[in-house]
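Trainee: I'd like a close look at one helix and at how it sits among the parts around it. Could you take me through it slowly?

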Amino acid sequence: MSTYFSEDHEWIKVEGDTATLGITAHAAEQLGEIVYVEQKETGESFEKSDEIGVVESVKAASEIYAPVDGEIVEVNGSLADSPATLSESPEADGWLYKIKLSNTDQLSELMDLDAYKAFIA
Amino acid sequence: MADAPKRTPLYDLHVELGGKMVDFAGWEMPVQYPLGIMGEHKQCREKAALFDVSHMGQVVLKGENVGEKLEALCPQAFSALKEGKARYGFFTNEGGGIMDDLIVSNAGDHFFVVVNASMRHQDIPHMAAHLEGVEVVEIFDRALVAVQGPKAEAVVGAVCPVARDLKFMETTVADINGVECRVSRLGYTGEDGYEISIPEDKAEEVTRAFLADENCEPAGLGARDSLRLEAGLCLYGSDIDTETSPIEASLIWAIQKRRREEGGFPGAERIQREIAEGPARRLVGIRPEGRAPARHGVEVQAENGSAIGEITSGGFGPTAGGPVAMGYVASAHAEPGTKVHLMIRGKAQPAEIVALPFVKQNYKR
């Protein structure tokens, strides 16, 4: 199991051809208190760079862009009622989707933790 | 526009307190502190919050009959404004739109005016050009600090006892730790509180005296915006502008009876007509039924899908506990209780027209 990071501040934890996806702690901190999360539905497919959701903080709305091609197999429905989970635990309880990867080759275009840390430094 | 943003006399203090500085109307201002927008908002509703509003334009008007002369630019009865009183008003244009909103105080030997940061470049020449025989002096050497919230009287009163005796919309000169300040009981949060004009070299010292109170925390522009939105107070440039009339903006309360009847201000024709016949659209409160905030620019539709207006301010209301918004809708749809749709990212979200404000105003009358 490996975790990758995108320049749009998503993390993606991969197990075989499935993965869990969310926004990074750095992104959550920049956004401030999150008050609303708009998510896609199970079964929807997307390509890398497609908008796959919107996170709204007290300050503003921010789009979430897909770091890879894939299909949504599970949505974290608890965020609809408690969007604050995304602020409090962005890299664990505040996950957004479980996805099926269509093209695992794309993972090589993402960053590992050290590279991401350098990216946001 | 390439000019470096200006800094208020409290800039170093903001940085020391962990303020996240952003460019706002050409000024480097704190949008929030480590407490966060939500926490600062609640601080203001429950205790007291301190805001640096030194970016706003402070202006002294000196001369004979200043109040009467201001009536040629504004639909307010400023000639009747008694010494020690402050009044909300606006400059109107010939088309009956709003050029800016402002607070005018009768300070006895002069009038003291506070205008928006983004409009001071317009307002000062506007007054200088039209107020004949009046000396218009823009004040650059004083900070302006707002202390707002149910504990504001205790916080300000501890170092300035006479502040306790002021009522809402009253103003006085007062000594704070040996510094001569102008203290006015008013604000932009819907809460009781004060705006205090302080000489710049003493601004940090006086501000620290307020912040030394355990009930007072600094708050930034983020909380200032969510507080004023919940309080149903207009933001110039968003909710009101040169196109919107004060009658459309539901600001008729700010036009005193004599002025409504007599006119004699720019745009009186439209404003008096709209008072008599009703405006075509109205600024209303809008409460989304779901959790999605509806922000500036979102289209408002009737339930049948026809476009009836637009959101002008919107976001999450921490005290309201959900999204809140203001916007213009066609008058036929402006009655509280009317169901509407908000087009958020292409999807129709149900919402309801509601009376403003979203939270009860706690002024000390």
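Trainee: Which residues are exposed on the other side of α4(B), away from the buried ones?

Mentor: Happy to. Before the helix, some ground rules: this is a predicted model, in which local features need pLDDT of at least 70 and side-chain atom pairs count only at pLDDT 80 or more, while totals for chains, interfaces and linings use all residues. Residues are numbered from 1 along each chain as its sequence is written, and chains are lettered from A and ligands numbered from 1 in the order in which they are written.

Now your helix. P125(B) and A129(B) are the exposed residues on the other side of α4(B). Here a residue is buried with 20 or more other C-beta atoms within 10 Å of its own, exposed with 12 or fewer, and partly exposed in between, the C-beta atoms being placed from the backbone. Helices (H or I, at least four residues) and strands (E, at least two) are DSSP runs, numbered from the N terminus.

The helix α4(B) runs over residues 120-130, and its buried residues are R120(B), D123(B) and M127(B). They lie on the same side of α4(B) because their arc around the axis is only 65°, the arc being that of the directions from the helix axis to the C-beta atoms. Among the elements that cover the buried residues of α4(B) are β4 (57-62), β5 (86-92), β6 (98-106), β7 (111-115) and β8 (135-139) of chain B. Contact means that the C-beta atoms of two residues, placed from the backbone, lie within 7 Å.

Let's compare notes with another helix of this chain. In α2(B), seven of the 10 residues are buried, so the helix is mostly covered. Those buried are I37(B), M38(B), E40(B), H41(B), Q43(B), C44(B) and R45(B). Their cover includes β2 (27-32), β3 (48-52), β9 (142-148), β13 (216-218) and α7 of chain B.

The helix α2(B) also leads us to the domains. Chain B is assigned domain 1 (1-277) and domain 2 (280-354), with bounds that come from an automatic or database domain assignment. Their C-alpha centres lie 28 Å apart. Where the two domains of chain B touch, 14 residues of domain 1 are in contact with 16 residues of domain 2. On the domain 1 side, α2 (37-46) and α7 (221-230) of chain B each supply at least two residues. The most comes from α2(B), with four residues. By class, that side of domain 1 of chain B has four nonpolar, five polar and five charged residues. Ala, Val, Leu, Ile, Met, Phe, Trp, Tyr, Cys and Pro count as nonpolar, Asp, Glu, Lys and Arg as charged, and the others, Gly among them, as polar.

A nonpolar core is a set of buried Ala, Val, Leu, Ile, Met, Phe, Trp, Tyr and Cys residues joined through C-beta atoms within 7 Å. The largest one has 125 residues, and V104(B), V113(B), V145(B), V147(B) and I286(B) touch the most other members. At least three residues of this core come from each of domain 1 and domain 2 of chain B. Beyond its neighbours within four places in sequence, V145(B) is in contact with L50(B), D52(B), V53(B), I196(B), I198(B) and T207(B).

In domain 2 there is a strand worth a look. Nine of the 11 residues of β16(B) (residues 307-317) are buried, so the rest of the structure largely encloses this strand. Two strands pair if DSSP finds at least two bridges between them. On one side of the story, β15(B) (residues 299-302) runs antiparallel to β16(B) and is joined to it by three bridges, with Q301(B) opposite A307(B). These strands form a hairpin with four residues between them, and G305(B) in the turn has a positive phi of about 95°. Then β17(B) (residues 322-330) is joined to β16(B) by eight bridges, again antiparallel, and F316(B) has P323(B) as its bridge partner. That hairpin also has four residues between its strands, and G321(B) takes a positive phi near 75°.

Finally, G278(B) is in the loop between α9 (268-277) and β14 (281-288) of chain B. G278(B) is exposed because 12 other C-beta atoms lie within 10 Å. Its C-alpha is 8.2 Å from that of S331(B), although the two are 53 residues apart in sequence.
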